[in-house]
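Notebook open, fresh page. I want to look up how the charged side chains are arranged here, and I'll jot things down as I go.

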Amino acid sequence: MEMRSLYVAQLQRMQCLGHEIVPFEDILCQMMDMIKPASQEYFVVQDFLQPECSQVSGALFDALFNLNKYLQFEQRDPFMERQKREDEFKCDWDRFVCIDYNRLAMEVEAREEEAMEIDWVTVDEDEDSDDFNSLGLGGASEAPF
């Protein structure tokens with residue numbers, strides 16, 4: 001009953017901000033599915049401290065107290081969340097640094113490959129012009145007479 005009274009304030013905020021209103025029953029069902037409490041009648045502290053639900057238990061409190069964080073949780077990409085749980089990074093910063101480093105490394109590699117292609121084209125052009133001049137058919141060579 002206390003959770004419902006706290007959620008009423010969030011409903012009013014959602015209405016004022018023009019967000020889609022999510023009924024309390026839907027929130028409660030979603031939280032029960034995520035947290036999996038020992039009793040279906042109520043939550044206890046031990047339910048939130050379970051290792052498998054420690055990452056999502058904060059969503060219940062956000063739904064009751066922090067509308068911005070709750071809406072951010074609702075609009076998250078579930079595939080990205082799953083990837084975050086499965087990767088080896090400890091925080092978002094580590095993940096960002098790794099991705100950005102790999103992106104920069106690929107850019108440098110692409111520039112180096114492009115530079116090598118330009119060098120090969122220059123070498124080929126130099127060889128072609130040397131063949132043309134060795135025949136005496138052009139360039140700055142002197143006339144035979």
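**Entry 1: a first pair.** I began with aspartate 100, which forms a salt bridge with arginine 103; their closest N and O atoms are 2.8 Å apart. Worth remembering as I read on: this is a predicted model. I checked where the two sit, and both aspartate 100 and arginine 103 lie in helix H7, three residues apart, or about one turn of the helix. Are they buried or exposed? Aspartate 100 has 23% relative accessibility, so it counts as partly exposed. Arginine 103, at 39%, also counts as partly exposed.

**Entry 2: another partner for arginine 103.** I followed arginine 103 further and found its side chain in a salt bridge with glutamate 107, at 2.7 Å from N to O. These two are in helix H7 as well, four residues apart, again about one turn of the helix. Glutamate 107 is partly exposed, with a relative accessible area of 33%.

**Entry 3: zooming out a little.** Which residues are linked in a network of salt bridges? I noted Asp100, Arg103, Glu107 and Arg111. A reminder to myself on the idea behind it: side chains of opposite charge can pair when their charged atoms come close.

**Entry 4: counting, then moving on.** How many salt bridges does the structure hold? The count is four. One of them joins the side chains of arginine 4 and glutamate 25, with 2.9 Å from N to O. Arginine 4 belongs to helix H1 (residues 2-17) and glutamate 25 to helix H2 (residues 24-35), so this pair ties together parts that are 21 residues apart in sequence. I looked up the accessibility of both ends. Arginine 4 has a relative accessible area of 35% and is partly exposed. Glutamate 25 comes out at 45%, which is partly exposed too.

**Entry 5: back to helix H7 for a patch.** Last, I looked for charge gathered on the surface. Which residues form a negative surface patch? They are Glu109, Glu112, Glu113, Glu114 and Glu117. I picked glutamate 112 for a closer look, and found its place in helix H7, which covers residues 92-134. Why can glutamate 112 be called partly exposed? Its relative accessibility is 49%, and the partly exposed class ends where exposed begins, over 50%.

**Entry 6: what I'm keeping.** For my summary, I'm keeping the network of Asp100, Arg103, Glu107 and Arg111, the pair of arginine 4 and glutamate 25 that ties helix H1 to helix H2, and the negative patch that includes Glu112.

Notes. Residues numbered from 1 in each chain as written. Predicted model: local features only at pLDDT ≥ 70, side-chain atom pairs only at ≥ 80, totals over all residues. Heavy atoms only, no water. Patch = residues over 30% accessible without salt bridge, like charges linked within 9 Å, V, L, I, M, F, W, Y side chains within 5 Å. Areas by Shrake-Rupley, 256 points an atom, 1.4 Å probe, with all protein chains shown as cover. Lys, Arg positive; Asp, Glu negative; His and termini not counted. Charge placed at Lys NZ, Arg CZ, Asp CG, Glu CD. Buried < 20%, exposed > 50% of the residue type's maximum accessible area, 1.4 Å probe, protein only.
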